[in-house]
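Please open the model in your viewer and keep the sequence panel beside it, since each stop on this tour begins with a selection.

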Amino acid sequence: MSDQLAIRLRGVVKRYGPITAVNGLDLDVPEGTCVGLLGPNGAGKSTTMRLLTAQAIADEGELEVLGFRLPEESKAARAQCGVTPQLDNLDTMLTVEQNLLVFSHLYRIGRADRRAAIERALEMANLVDRRDSRVDKLSGGMRRRLLIARALVHRPRLVLLDEPTVGLDPQVRQELWALIDLLRAEGTTILMSTHYIEEAERLADRPVALVAREEAVENLAARLGQLGQRRLGG
Ligand code: ATP
């Protein structure tokens with residue numbers, strides 16, 4: 001069985017009418033590793049993330065997350081996953097801390113542990129000083145950090161990050177990378193989608209290509225080949 005794999009996908013297909021968004025994907029993510037799902041716009045990265053959280057249901061293939069089969073056991077899998085969507089869906093009228101509190105309830109963290117869980121998430125995301133700020137007063141980078149902190153509040157075994165740094169300036173991207181480094185150091189398994197090759201190279205133990213459009217395939221494959229060689233060569 002796949003008890004050392006946090007994610008195991010075999011032959012996964014997802015179609016939207018005539019469009020095949022994910023075409024026969026095989027993917028292994030071993031526990032404790034960070035895997036980067038690389039691909040150009042439209043390659044199926046977000047669809048793969050949605051399949052992993054059972055927000056979308058595959059037409060074909062086998063999916064296991066943390067040893068649970070999807071979609072049948074998706075509720076059990078989701079309880080141990082942290083997810084950051086590509087689009088910021090924070091509650092802008094609430095403060096940083098209140099956003100975390102709402103999620104601590106959603107994830108059923110017991111009353112006795114709630115305070116410590118929120119403090120830890122604030123510290124990891126470097127938002128302790130901004131705990132009382134309303135979300136609509138935060139910078140874009142802070143909001144993105146909060147989005148990740150919110151996904152960590154229940155200490156998930158697996159974190160799914162859908163393009164966590166898209167559209168951010170280089171300095172803010174570095175801040176996000178530091179946060180992802182912290183998570184990795186704690187041994188959390190991470191699957192991160194990105195279309196930045198340098199991001200996958202910097203953060204992931206293993207970049208995995210998801211390629212859809214002919215034009216992009218060649219470049220990406222070539223760049224991934226270089227990455228692979230550098231990694232293999234140490
Ligand atoms: P991006 O980086 O732009 O987010 P992506 O790699 O995440 O791209 P997806 O959003 O997974 O790609 O989309 C893959 C393909 O599936 C695209 O052609 C997209 O138009 C199509 N698609 C995704 N979701 C739907 C949907 N709900 N209905 C119809 N088509 C969809």
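In this predicted model, begin by selecting R108, which sits in the loop between α3 (96-106) and α4 (111-124). Its backbone deserves a look, as phi of R108 is near 55°, a positive value in a residue that is not a glycine. Is R108 buried or exposed? With 8 C-beta neighbours inside 10 Å, a count that falls within the limit of 12 or fewer, R108 counts as exposed.

Next, colour the two helices on either side of that loop, α3 and α4. Their axes come within 10 Å and cross at roughly 130°, and that angle makes α3 oblique to α4. The crossing of these two helices is right-handed. To see where they touch, show the side chains of E97, L100, L101 and S104 in α3, which meet R114, A117, I118 and A121 in α4. Sorted by class, this contact between α3 and α4 holds five nonpolar residues, one polar residue and two charged ones.

A second helix pair can be selected now: α5, residues 140-152, and α6, residues 170-185, whose axes come within 9 Å and cross at roughly 20°. Why do α5 and α6 count as roughly parallel to each other? An angle under 35 degrees is counted that way, and the crossing of α5 and α6 is roughly 20°, so the two helices are roughly parallel. As for handedness, α5 passes α6 in a right-handed crossing. On the α5 side, display G140, G141, R144, R145 and I148, and on the α6 side V172, E175, L176 and L179, which they meet. The residues of this contact between α5 and α6 comprise four nonpolar, two polar and three charged.

Move next to A54, in the loop between α1 and β4 (60-65). A54 has a positive phi of about 60°, although it is not a glycine. A54 counts as partly exposed, because 19 C-beta neighbours lie inside 10 Å.

From there, go to strand β5, residues 68-69, and select R69 within it. R69 is partly exposed, with 14 other C-beta atoms within 10 Å. Select R8 as well and draw a distance between the two C-alpha atoms: R69 and R8 are 61 residues apart along the chain, and their C-alpha atoms are separated by 9.5 Å. Just beyond, look at the peptide bond that joins L70 and P71, which is cis, with omega about 0°. P71 belongs to the loop between β5 and α2 (74-78).

The next stop is the ligand. Which residues surround the ligand? Select Y16, I19, A21, G39, N41, G42, A43, G44, K45, S46, T47 and H195. Both β2 (19-30) and α1 (45-52) supply at least two residues of this shell, and α1 gives the most, with three residues. By class, the shell around the ligand has four nonpolar residues, seven polar residues and one charged residue.

Finally, clear the selections and view the whole protein, in which there are eight helices and nine strands. Of its 234 residues, 39% count as buried. Among contacts in the protein with a separation of 6 or more, 70% are between residues 24 or more positions apart.

Methods. Residues numbered from 1 in each chain as written. Predicted model: local features only at pLDDT ≥ 70, side-chain atom pairs only at ≥ 80, totals over all residues. Near = placed C-beta within 6 Å. Helix = DSSP H or I, 4+ residues; strand = E, 2+ residues; numbered from the N terminus. Nonpolar A, V, L, I, M, F, W, Y, C, P; charged D, E, K, R; others polar. Buried ≥ 20, exposed ≤ 12 C-beta atoms within 10 Å, placed from the backbone. Contact = placed C-beta atoms within 7 Å. Axes fitted to C-alpha atoms, helices over the stretch in contact; angles between N-to-C directions. Parallel < 35°, antiparallel > 145°, perpendicular 65-115°, else oblique. Left-handed = near helix turned anticlockwise from the far one by under 90°.
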